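Trainee: Can we go through how the helix packing terms get assigned here? I'd like to see the reasoning behind each label.

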Amino acid sequence: KYITTEDLSYKQLLVLHKQCETYIETAFSNSHRFGISIKVNQSLLRIRQQLERIKEMLSFLVIDSESQKAEKSIQLAKTLIGYNSRKSNIRKLIGQSTQLLAYEITHHTAQTGEHYITSTHQEYWKMFRSACGGGVIVGAMCIVKLLLGKVETSEFGHAFLYSLNYAIGFTVIYLFGATLATKQPAMTASSLVSAIEQGASDQGADRHRYWVFAQFFARLFRSQFIAFVGNVIMAFPISLLLVWGIEQLSGVNIASAKWLHLVDDLNPTKTPVILHASIAGVFLFLSGIIAGSISNRDKHNSVYYRIQEHPLLKRIFGKTKTDKIASFYEKKWAGIVSNLWFGVFMGSTASIGMFLGLSLDIRHITFASGNLALGLFGHRMELSTDIWIWGILGIGIIGFFNFLISFGLSLVLAFRSRNLSSKELAKMAKAVWIYFKMNPKSFFFPPKK
C-alpha cells in the first residue's frame with residue numbers, strides 16, 4: 001500500500017511532524033536560559049533522530065506514479081544498508097551527544113572570557129594593574145609553598161598542603177578581581193570562535209568573518225601580553241621582598257637549601273620544562289571546562305532561583321540580602337569551584353608523579369618568576385650568567401606552552417561546540433598573519449583612539 005502527495009492524511013502528517021521538530025529546536029534553543037543535563041540532552045537527541053527517520057520513511061510511502069515503485073524500493077534498500085553500516089559508529093554517537101554540552105560549557109567561558117580581552121587604552125592599563133595584583137598574590141604563594149616544603153609530613157600531606165595553598169591563592173585572585181595571565185586563554189577561545197560567527201552574520205563573506213577574527217585575536221594577544229608582563233614583574237620583586245623580610249625577622253634564609261633546585265627547574269636542559277608547562281596548560285583548560293559545567297548545571301537545576309526564594313534564608317537575612325547572596329552565587333560560584341580544582345591539580349601533580357614513578361610536575365610562568373627570585377636570594381644575590389640566561393629563557397618557554405596548550409585545547413572544544421571544521425584554522429591563521437604584517441603594534445599595544 002502507498003499514498004500520494006495529494007493525500008490529506010499525508011499533508012496532515014507533515015504538519016504534525018514539523019510541529020514536533022519545532023518543539024525539539026525550541027527545547028535546544030532554551031538551553032541557554034535553563035541549562036541542560038546529559039539525560040535531557042540524550043532524550044532530545046533520540047527524539048530528533050526518530051523524527052528524522054520517520055520523515056525519511058514517509059518519503060518512501062509516497063508514490064505518485066507506477067514508475068516510482070521500483071525507484072523507491074531501491075532507495076529504501078540503500079537507506080537501510082546505510083543505517084546498518086553506521087549503527088556501530090561510536091565516534092559519531094559521541095560527537096552528536098557531546099556537541100550541545102560542549103556548546104553550553106563554552107558559552108559560559110565565552111561570556112567570562114570577554115572580561116579578559118581589552119579594547120581601549122584604559123582597559124589595557126586596567127588589565128596591567130589587575131595582573132600586577134595577581135603577581136603580588138602569587139609572590140606570596142611562592143613563599144608559602146617554600147615554607148610548606150619544610151613541613152615534616154608524608155607525600156600525601158605535602159600534596160594536600162600545596163593544593164590548599166594554590167586553591168586559596170587562586171580563589172583570592174579571582175574574588176579580588178586580579179588576573180592570573182594563563183587563565184585567559186582557556187576562557188577566551190570561545191570568544192574568538194564567537195567572533196567568527198559574528199563576522200559571518202554581519203556580511204556572510206569569508207574574508208570579512210576571518211578579518212573580524214584577526215582583529216579580535218590581536219586584542220586577545222595584547223591582553224595576554226600585558227597580563228604576562230604584570231604577573232611576572234610583580235611576582236619577582238614581591239617574592240624577593242618577602243623572603244628578605246623573613247630573614248630580617250628570623251635570621252634564617254629559607255631559600256638557601258633549595259636555591260639550586262629552584263633555578264634548575266627553569267632550565268630546559270636539566271628538567272623537562274616543556275612537558276611540565278604543557279601539563280599546567282592542560283589543567284588551565286580543565287579549569288575552564290569545570291567552570292562551564294558548573295554554570296550549566298546550576299542553570300539547569302535553577303539553583304539561583306532556589307536560593308532567591310528559599311524561605312529560611314529570606315527569614316534570616318531578609319529579601320534584599322538573600323537576593324544579593326543568590327546574585328553572588330550566580331556570578332562567582334562557578335569561578336570559585338574552577339579555581340579550587342585548579343589548585344588541587346597544581347598542588348598534587350608532583351606527588352602523583354612520584355607515586356607513579358613518572359616525571360610529572362607543573363610549571364607556571366608567574367610562579368617561575370617568583371621561584372627565580374627565591375633562587376637568587378637563596379644564593380646570596382649571586383647567580384652566574386648562564387643561570388640568568390636559562391632562567392629568563394625558561395620563564396619565556398613556560399609562558400609560551402602554558403598559553404599554547406590551554407588555548408589550543410580550548411579552541412578545539414570551541415570548534416567542536418560550533419560544529420566548525422578544523423580546516424578553518426588555516427584560514428584563521430592566514431588572516432591573523434596578514435593583519436600582523438599590516439599592524440604589528442596592535443598585537444602588543446592598544447590603539448590611541
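Mentor: Sure. In this predicted model, helix H6 (residues 121-148) packs with H7 at an angle of about 165°, and their axes are 10 Å apart.

Trainee: What makes H6 roughly antiparallel to H7?

Mentor: Angles over 145 degrees count as roughly antiparallel. The angle between H6 and H7 is about 165°, so H6 is roughly antiparallel to H7. Their crossing is right-handed.

Trainee: Which residues of H6 and H7 meet?

Mentor: On the H6 side, they include Gly134, Ile137, Val138 and Met141. Among those they meet in H7 are His158, Leu161, Tyr162 and Asn165.

Trainee: Why are H7 and H13 called roughly antiparallel?

Mentor: The cut-off is over 145 degrees. The axes of H7 and helix H13 (residues 311-356) cross at roughly 150° and come within 7 Å, so the pair is roughly antiparallel. H7 also passes H13 in a right-handed crossing.

Trainee: And what about H6 and H14, why is H6 called oblique to H14?

Mentor: H6 and helix H14 (residues 365-378) pack at about 60°, with axes 9 Å apart. Under 35 degrees would be roughly parallel, and roughly perpendicular starts at 65. An angle of about 60° therefore makes H6 oblique to H14. This crossing is right-handed, and the contact is made by residues including Gly135, Cys142 and Ile143 of H6 with Thr366, Phe367 and Gly370 of H14.

Trainee: Back to H7: what makes Phe156, Phe160, Leu164 and Ile168 a nonpolar surface patch?

Mentor: Patch residues need over 30% relative accessible area, and nonpolar side chains are joined within 5 Å. Phe156, Phe160, Leu164 and Ile168 make a nonpolar patch of about 450 Å². Phe160 is found in H7, which covers residues 155-175.

Key: Residues are numbered from 1 along each chain as its sequence is written. This is a predicted model: local features need pLDDT of at least 70, side-chain atom pairs count only at pLDDT 80 or more; totals for chains, interfaces and linings use all residues. Side-chain values use heavy atoms; hydrogens and water are left out. Patches are made of residues with over 30% relative accessible area and no salt bridge: like charges are joined within 9 Å, nonpolar side chains (Val, Leu, Ile, Met, Phe, Trp, Tyr) within 5 Å. Accessible areas come from the Shrake-Rupley method with a 1.4 Å probe; for residues, only the protein chains shown count as cover. A salt bridge is a side-chain nitrogen of Lys or Arg within 4 Å of a carboxyl oxygen of Asp or Glu. Helices (H or I, at least four residues) and strands (E, at least two) are DSSP runs, numbered from the N terminus. Axes are lines fitted to C-alpha atoms, for helices over the stretch in contact, and angles run from 0 to 180 degrees between N-to-C directions. Angles under 35 degrees count as roughly parallel, over 145 as roughly antiparallel, 65 to 115 as roughly perpendicular and the rest as oblique. A crossing is left-handed if the near helix is turned anticlockwise from the far one by less than a right angle, and right-handed if clockwise. Contact means heavy atoms within 4.5 Å.
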